[in-house]
Amino acid sequence: MKILKVLAPLFVIALLVSGCQKSTDTPKSDAKSLVSFKFEAAKNPGLAQDYSATYNESTNTWDVGPLPPTTVVTSLIASFEVSAGASVKVRGVAQASGTTPNDFTGDVAYVVTAEDGSSSTYTISVDVTVQLTNRDISSISIVKDTYYYAGVILEKGSDIGNTISFYVPGVSDYSSSVLSFTNSDKAIVSDGSGNILTSGCTLDLSSQKTISVTSESGISKQYTLTAYAKPAMEITAFDPDNANDGFKWIEVTVNRKAELSKVLLGASTYSYDNSVIADITALSFWSSVADGDAIRVWNTGFLSADDTAKSDNSPAVWDVMSSLSSSNLLNYSYGILYLSSNSEIFNAVGYVMNTTSSTYWVTNTTVLSGLAAAANKGYWGSSERTGAFTFPATVNPSSTVGLVAGAYASRISGSTGTSSASWEAKTDGAYCSLTAAVSGSVNAGAASDITVTATLTSQGTVTVDPAKATVDLSAIGGTASTALTETATGSGIWTATYNVPSSYAAGSYSLPVSLGITVNGLGITKTYTPKLTILPAKSVSVTAVTATPSLVTRGIATDVSFSVTTGAANNATVTGVSADLSAIGGGAAVALSGSGGSWSLTYNVPTTVAVGSYTITFTASDSSAGVSGTGTTSLVVSSDPFLSVSSFAASPAAGIVGSATTVTLTAVLSTLNDAAATSVTADLSAFTGLSAAEAFTGSADGLTWTYSLNVGASQAAGNYPIMVTATDSLHTLTATKTTSFGLSAPLAFANSDMEAPMHNTTPGANGWSSIVTALIPASSAYESVIGPKGTSSVALHVSGATTANSFIFASAKPLNAKGTYTKICFWVKGSISANTSIAVQIGSSGTAAGQLFWIGSVGASDVVVNGDNTLKYTLSANPFTFDTSGSWRKITLNLSGYLASVATTAYSTVTDNNNFSVKIGKNATADFYIDDILYE
C-alpha cells in the first residue's frame with residue numbers, strides 16, 4: 001500500500017498527459033450473438049448423426065432434437081458459433097466449442113459476452129421425447145346396413161406386401177365402401193394420393209387400393225386392399241340324393257386359402273344349438289389344398305370325421321369320410337348348415353327332415369328367403385321359430401335348390417337370444433355402443449372438479465333407464481352408484497361432475513360407468529371403464545441462477561446481471577420471480593422480468609456495501625396454485641486480499657491429570673482475492689517439550705490445517721489457552737484465533753469413571769460390614785454412556801426398584817492421596833421416583849472418620865452438599881425430587897473439616913475410613929447414571 005501511495009501522483013500526471021492526446025483506440029465490439037448450435041456425432045459417441053438446433057426468436061431459445069430416447073444427456077458436447085470476439089459461459093464455466101461437456105437434463109443458459117462486457121443469454125432446450133414407431137392396422141371392416149364385415153389382414157413380415165381382403169355377401173359394387181378401422185396410436189393412414197383417411201371414410205374398392213400407415217416417427221407400412229365377389233371358401237354343392245342316407249355329402253370350394261386359418265362346418269338345429277362338424281384346416285391333407293380345390297364331406301353326422309386321399313372321380317376334390325353312420329342325423333329336424341371362419345359366416349344352407357320317413361331335403365326358395373331374414377336379425381331365439389323358420393310340411397324334390405348363393409350376416413352365429421354388453425348389432429338393425437371419458441385436470445394435494453361423460457351411440461329402438469345410469473366413484477372417495485344425468489333428452493350423452501378430494505395421491509384410478517339399456521325389448525347392461533389420472537402436486541422450482549459478474553469491488557457502483565432459470569411441473573406455471581437484495585442494499589422482494597423458464601434482473605450494487613460474501617435468494621412462484629421454490633447464488637464484495645481463521649478447535653477439549661492424551665488441533669481458514677496461507681503455527685510452549693511456533697499441516701485446498709498435540713501424563717492441571725496464527729507471506733497478511741485445552745483434577749479413585757475394578761458388585765446383606773451392594777445391582781448395568789468430562793465411555797446405569805434402603809455400589813479401591821483438595825465431585829443423569837434421594841458415605845458412619853452426605857433434590861442445577869449424618873432417605877413433609885431432564889448434573893461433596901479429622905489415616909490399604917459408597921432410599925424406581933468421581 002505504501003508503494004501505491006508513492007506512485008499515485010505519477011499515475012495522475014500520466015493520465016493528464018495522455019488526456020491531452022487524441023485517442024486512437026479501436027472501440028470494443030458489442031456483438032454477442034449465438035450464431036449456430038449443434039451436437040456433432042464425431043464429438044458425442046452416443047449419437048449416430050449430427051443434430052442442429054433451431055432458433056426461436058420469440059423465446060430466445062435454441063431447440064435441439066428430438067434425440068434418440070437412449071441418449072445420455074448429462075455430458076453432451078456442443079459445437080457452436082458466436083460473434084467475433086465474444087466469449088461464452090455456462091453456469092459460470094467458460095465454454096469451448098466442440099470441447100466442453102454440459103448436463104442438458106433441463107434447459108441450459110448460454111451467456112454470450114461481447115468485447116465491451118455486455119451479454120446476452122440464450123436458452124438451449126434438448127428434446128429426447130420417445131416417438132412411436134408402431135404402424136399397423138389392427139382391425140378393419142366394411143360397414144353395410146349397420147353390419148360390420150371384417151377384412152382379413154395378412155402381415156408379410158415387412159413394411160410392404162401386406163394385404164387386406166374383404167367379402168360382403170350380396171355386394172358386387174364396392175365403389176363406395178365405408179371403412180371402419182383401428183390403427184396404431186398416433187399413426188396416420190393415407191391413400192395412394194396422400195389423402196388422410198380416418199375411420200368411417202368412404203373408399204373406392206372396385207379395384208385394388210394401396211394405403212399407407214405412417215408412425216409418429218415417420219416410418220410407413222403399406223397394405224393392399226382387395227374386395228371380392230366370393231368368400232375365401234363357399235358351399236358349392238349339397239347332395240340329398242338318397243332319402244334313407246340323409247345328407248350324403250356337402251362340398252365346399254377354396255377360393256383364397258391364404259386367408260383361412262380355421263374353417264368350421266357346423267349346424268344350427270331346431271333346438272338352436274350350434275354343433276361343429278369339423279375343422280377342415282386341421283385335416284392332414286390341408287397343406288396340399290390349392291385355390292380352386294373342393295373338399296367333399298361324406299355322410300356328415302355333424303361330428304368329427306376321418307380324412308382320406310382324393311376321390312377317383314376328380315383329382316381336384318378331397319374326400320372326408322364320416323366316422324359315424326347317418327343314423328346320428330335323426331337328432332336334427334331342421335335348421336341351417338353353415339360354413340364359418342373365426343365366427344364369420346361364409347355360406348349357409350337350410351334343410352328340413354320329414355320325421356315320418358326320416359328323409360332330408362334341401363329347403364326351397366321360400367324357406368331360403370325366411371332364412372335370410374333370420375340371418376339379418378343377428379341371433380337365434382325361441383321367438384323366431386315361426387315366421388323366419390317356416391319350413392313346409394312337404395317338399396317337392398324337383399324344387400331342390402342345392403345351395404345358397406351368397407352368405408348372410410356375419411352375426412348369424414354364436415348367440416342364443418340372451419343379451420350381451422359386447423353386442424353392437426341387435427334385432428332388426430337396432431344396435432348400441434358405449435364409450436366414456438374423464439375430463440378435468442387433477443393434482444395431488446388440491447381438490448379439483450372432474451366430469452365423467454358417457455356417450456351412447458345407437459340406432460333403432462334403444463332406450464336407457466335413468467335409474468341405471470351410474471358411475472362408480474368409490475376409488476376417489478365418492479359413492480359406488482353416483483347418478484349420471486343426460487345432457488338433453490335423446491342426446492345419448494350422460495354426465496356427472498365430482499370434486500376429487502385433495503387427500504388422494506398421484507396415480508391412475510378406474511371409474512366404471514354403467515348404463516341399463518333396452519334394445520328392441522331386450523334388456524342389457526353396458527359398461528365402460530375410463531381412468532382418471534391424478535398428477536403429482538403442482539410445483540415450481542429455481543433450477544439455475546448466475547450472477548455476472550460474481551465479484552465486485554467495494555466502493556465502486558457495479559451493475560450485476562442475475563439470470564434465473566425456472567421450472568414448473570404438473571399444471572403449475574411460474575407467474576413471477578423475486579430476489580431478496582436486502583443484504584446488498586436493495587429490497588427484500590425485487591421483481592425479475594421474464595416469462596416461462598427464463599428471468600433476469602440487473603442491479604447496481606451500491607458503494608456502501610461492505611466487504612464480504614453475500615447469498616442472494618431468488619423465489620419463483622405460481623400465484624394461482626400457491627406454490628413456490630427458491631434458489632441462491634453468491635456475490636462477493638471485496639477490495640484487498642483477505643485472510644482469516646474461521647474456526648479453531650481442540651479435540652478432545654479436555655483431559656485428566658495423570659493420563660497421557662493425544663489432542664488434534666484443527667484450524668479452518670477463509671481467504672479472498674488471491675489470499676492464501678503459506679504457513680500456520682501455534683504457541684504450544686506451555687506443554688512439555690513443545691515450542692512457541694509449532695507448524696501445522698495443510699490440506700490440498702490450503703483451507704484446513706491440523707496439528708497432533710501430545711499432552712504428557714506429568715502435565716499439571718489447569719486451562720491452557722492456545723492461539724493459532726495463519727500467515728500469507730506473499731501479501732504480508734496474518735490472522736489469529738484461540739482455543740483452549742483443559743486438564744481436570746485427578747480421579748478420587750483409581751478407575752472412578754465407573755470402570756472395573758473401582759466398584760464392588762457382589763450381592764449380599766444390606767450392611768456396611770459386608771461392604772457390598774444389596775438390592776439394585778441385580779438389575780443394574782455398566783453401559784456405554786459418554787461421561788460429562790469426556791474421559792470415559794462407561795457409566796453405571798442404575799435401573800430397578802428398591803424395597804429397602806440399599807447400597808447401589810461400594811468402592812473396591814481406596815481414596816487416593818487427598819493432597820490439597822477439599823471437594824469430591826461426580827455427575828448424575830436421570831430420575832428417581834417416590835420422594836427418594838441418594839446418600840454418599842465415606843468410611844464408616846459409626847466412626848469419627850466416617851461421614852454421610854445427603855444429596856436431597858436434584859433438578860435443573862448442580863448441587864453442593866455438606867456432611868450430614870441425619871438419616872432422611874425419604875421425607876413426606878419435605879419430599880425430594882430427583883430428575884435431571886436428560887442432562888448431566890454435577891454433585892459436589894464439601895470435605896472441609898472432614899479430611900482434616902482423618903489426616904493421619906493411611907490410604908495405602910482398603911479400610912472403612914477410605915471407602916466410598918452410594919445408597920438409595922426404599923420404595924423407589926430408579927433410572928439414572930453415575931460417572932466420573934473427581935477431586936477438586
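## A walk through the model, starting at Gln95

The backbone oxygen of Val93 sits 3.0 Å from a polar atom in the side chain of Gln95. Before going on: this is a predicted model, with local features needing pLDDT of at least 70 and side-chain atom pairs counting only at pLDDT 80 or more, while totals for chains, interfaces and linings use all residues. Residues are numbered from 1 along each chain as its sequence is written, and side-chain values use heavy atoms, with hydrogens and water left out.

Back to Gln95, then. You'll find Gln95 in the loop between strand 8 (93–94) and strand 9 (101–102); strands here are DSSP runs of E, at least two residues long, numbered from the N terminus. Gln95 counts as buried because its relative accessibility is 12%, buried being under 20% relative accessible area with a 1.4 Å probe and protein chains only. Its side chain also makes a polar contact of 2.6 Å with the side chain of Asn102. A polar contact is a pair of N or O atoms within 3.5 Å; within protein, one must be able to donate a hydrogen and the other to accept it, and residues adjacent in sequence count only if both atoms are side-chain atoms. Setting aside neighbours within four places in sequence, Gln95 is in contact (heavy atoms within 4.5 Å) with residues including Phe80, Val88, Val90 and Tyr110.

Val90 leads us on to the largest cavity, since Val90 is part of that lining too, along with Arg91, Asp107, Val108, Ala109, Val111, Ala544, Val545, Thr546, Ser563 and Thr565. A cavity is a set of points, on a 1 Å grid over the protein atoms alone, where a 1.4 Å probe fits but cannot get out, and lining residues have an atom within 4 Å of a point. There are 4 cavities of 30 Å³ or more, and the largest holds about 90 Å³; grid points are joined across faces, edges and corners, and a volume is the space filled by probe spheres set on the points. Strand 10 (108–113), strand 43 (539–548) and strand 45 (558–569) each supply at least two residues of this lining.

Now for Ser177, which belongs to strand 16 (residues 177–183). With 4% relative accessibility, Ser177 counts as buried. Its side chain reaches the backbone oxygen of Tyr174 at 2.9 Å. Not counting residues up to four places away in sequence, Ser177 touches Ile142, Cys201, Thr202, Leu203 and Leu205.

On to the sheets. One open sheet has 6 strands in the order 14-15-21-20-17-18, with mixed pairing. Strand 14 (152–154) and strand 18 (196–197) stand at the edges with a single partner strand each, so one side of each has no neighbour in the sheet. Strand 17 (residues 188–190) pairs with strand 18 in the antiparallel sense over 2 bridges, and two strands pair if DSSP finds at least two bridges between them. Here Ser190 stands opposite Ile196.

Further along the chain, take a look at strand 60 (residues 733–744), which runs parallel to strand 53 (residues 654–656), with 3 bridges joining them. Ile656 has Ser744 as its bridge partner in strand 60. Strand 60 also pairs with strand 59 (residues 718–728), in the antiparallel sense, over 11 bridges; Thr725 is bridged to Thr736. Strands 59 and 60 form a hairpin with 4 residues between them, and Thr732 in the turn has a positive phi of about 55°.

Terms used:
Buried means under 20% relative accessible area, exposed over 50%, partly exposed in between (1.4 Å probe, protein chains only). On a 1 Å grid over the protein atoms alone, a cavity is a set of points where a 1.4 Å probe fits but cannot get out, and a pocket is an open set with protein on both sides within 12 Å along at least five of seven lines; lining residues have an atom within 4 Å of a point.
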